[in-house]
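Please open the model in a viewer and keep the selection panel at hand. The tour goes from one pocket to another and then to the ligand.

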Amino acid sequence: MSALLESYAAGSWFRATDDGTPLLDATTGDEVARISASGLDLAAMVDHARTVGGPAVRALTFHQRASILKAVAKHLGEHKEELYALSARTGATLRDSQVDIDGGISTVFSYAGKGTRELPNDTVILDGGTEQLGRTGLFVGQHVWTSRPGVAVQINAFNFPVWGMLEKLAPAFLAGLPTIVKPASQTAYLTELTVRHIIESGLMPEGSLQLLCGNPEGLLNQLGAQDSVAFTGSASTGATLRQHPAVLHGGVQLGVEADSLNCSILGPDVTGDDAELDLFVKGVVAEMTVKAGQKCTAIRRTIVPAAMADEVVAAIIAKLAKITVGNPANEGVRMGALASLGQRDEVRKAVQTLRGSAEIVFGDPDHVDVADADAETGAFMSPILLRAAPGASEPHDVEPFGPVSTVLTYETLDEAIALAARGQGSLAGSLITRDPEVARTVTLGLAPWHGRILVLDRDAAPESTGHGSPLPVLVHGGPGRAGGGEELGGIRGVLHHMQRTAIQASPDMLTAITGQWIKGSVQRIDDEHPFRKSLAELRVGDTIRSASRQITLADIEHFAEFTGDAFYAHTDAEAATANPLFGGIVAHGYLVVSIAAGLFVEPKPGPVLANFGVDHLRFLTPVKADDTIDVTLTVKQITPRNSAEYGEVRWDAVVANADGKPVATYDVLTLVAKTLDS
Ligand code: NDP
């Protein structure tokens, strides 16, 4: 008997009290492992997450969490070979395993990078700017995002045992939530090995990651209003979870990512000689065969102009005929097995239903020649291409979760869009066209039905990531049938786990609450220029108010000549007078900003190392010749970088004229040494 998978629960590895259910190798039918959660205390797991994991994660800033994620990704990268070897037992070829394992690791890296670059080194995120709620600015509003003191439960599908876990774990961890992973049983051995490596690395705080191998019955009963469940799998399990009392009445947030009938559309402009035809055919064949078509984003509906259908079908068949099916560990094999014999039965059933309105033009669902494997014991299946009769409904309703796609035809663009919409909501769609008008019409027609749309032509092709690949920086999820959930999308995926709250208070209170200086709150001016203070000494609210300086016509002329910016508003009095906004010569905006820099900098060497940018620059009032300006610079946000000897300081800059009217506002971004001797 093979080993029983263990769960990682409440700080230790747990082995079930019974023998469990066998999990079989997709290729050989041999037992890989057994699975059971008998005797597992689910309430203790949830409690451990809430009382140990959650507080430990939330004690860390976003940057500290991000650096842990980076270390986890690096650590998993060192164990890839071992993971690939086990992954082969799920039926995956090396290329399939890379999609799952490398894809998962790079998603964690991506979140580590985004967390460091796009989130503050703090535990609260500001959402948008302040809203002045009273007449004079004594009472303002600010939206903030905070971490929930809850648990993120993930229930995953069998097809991506590593990516599926990591793409949910990384955003939740960054958001400050502990995670309980419940992998699909069929491939849970690969998830278990991955979690084991993470736990053994000691990188993640105890309680922030737990693993439930086996039946999760009763888990949702333990959850409450601060908890969430992110589910990927069949629409029917998704529907069961939606009905759960914890979701219906208990306030548990449920995200569903279910099966969807994604389509790829060939534009009406593409002819037999175009490179786009080849791109289209390659895309369809790749989506049918990578992971043996067991991808929630795979192309189930291949939508082509009626006039091109014969040519397209012939081209797809020619490519499918070259696909070698067999032992995924064999280098010559292009497509491995389905995850299990049960899954193959499901796909065969789906193909049978599709045959109600479509004929098979390639492949035999009941027979395939296999390389280096036994077709009886392994869950092998030939790629199957069907061609639907006009008006067919089954291809829009039935999802064959395997290497199957159905060709449908259209006469007009409206018809193509209507066909796509009959899928009732998809994760991903693609359009292959060279024509910008087709691109706009079809994309805008498809967008309400899709979470992601790839528009592909020969220009984008060299760098295209393909139809089926969810990317950490883009949203993954779709409306309607696809479940209505949304994951990833960079920091959006983090914010799904957090609570947005509108805070109303005085500017000083908001500065204290958010840790960022809010306009209207105290500005501290002391004898020392803030540019002489290290990061450790600077405080939010430290301010310098500069001396004033007149900007003369000679200054403007000099700047025009020196930079070459001789725009008429700065050089031609008559034309400038005719300009309805200026009514005369005005200073260049960049001259104003340059002179402002001259007014606020402290020139001697010191802790300020560099000015690395300006955000939100707006020119509000024109500066005419002989106007006088001054500048007020206030420390708005201090962000120590974890690994460096310096941090970032964001300064609020307001340049005003002699009447006190703001002429320019912006944020100045600097790098400042952490200590004076660093
Ligand atoms: P399921 O919906 O049966 O399973 C998905 C996950 O939900 C698994 O972890 C499963 O655990 C768990 N689960 C099942 N029942 C419950 C329940 N009552 N409460 C809590 N968790 C539950 O999908 P399968 O993985 O079996 O795949 C079936 C079909 O789903 C496929 O053929 C395909 O059509 C579709 N699918 C869609 C995917 C997508 O990404 N959109 C991905 C994979 C599948 P366990 O494995 O232990 O039963």
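Select strand E5 (125-132), which gives the most to the lining of the largest pocket, with five residues. Helices (H or I, at least four residues) and strands (E, at least two) are DSSP runs, numbered from the N terminus. The model is predicted: local features need pLDDT of at least 70 and side-chain atom pairs pLDDT 80 or more, whereas totals for chains, interfaces and linings use all residues. Residues are numbered from 1 along each chain as its sequence is written, and side-chain values use heavy atoms, with hydrogens and water left out.

Next, add helix H4 (94-118) and strands E24 (608-619), E25 (627-640), E26 (646-657) and E27 (662-673), each of which supplies at least two residues of this lining. The largest pocket holds about 1,000 Å³ of space. Of its 30 lining residues, Gln516, His616, Gln637, Arg650 and Asp667 are the closest to its centre. By class, the lining has 10 nonpolar, 11 polar and nine charged residues. (Nonpolar covers Ala, Val, Leu, Ile, Met, Phe, Trp, Tyr, Cys and Pro; charged covers Asp, Glu, Lys and Arg; the others, Gly among them, are polar.)

A pocket is an open set of points on a 1 Å grid over the protein atoms alone, where a 1.4 Å probe fits, with protein on both sides within 12 Å along at least five of seven lines; lining residues have an atom within 4 Å of a point. Points are joined across faces, edges and corners, and a volume is the space filled by probe spheres set on them.

Move now to the second largest pocket, with a volume of about 800 Å³. Select Phe231, Thr232, Gly233, Ser234 and Thr237, which lie nearest its centre among 36 lining residues. Elements E10, H7, E11 and helix H11 (341-354) each give two or more residues to this lining.

What takes up the space of the second largest pocket? The ligand does, by the criterion that more than half of its atoms lie within 2 Å of the grid points. Show its shell of 23 residues (a heavy atom within 4 Å); strand E10 (228-233) contributes the largest share, three residues.

Finally, display the polar contacts (pairs of N or O atoms within 3.5 Å). Ligand oxygen atoms lie 2.7 Å from a side-chain N or O atom of Ser234, 3.1 Å from one of Gln343 and 2.9 Å from a polar side-chain atom of Glu399.

Notes: Polar contact = N/O pair within 3.5 Å; in protein donor to acceptor, adjacent residues only side chain to side chain.
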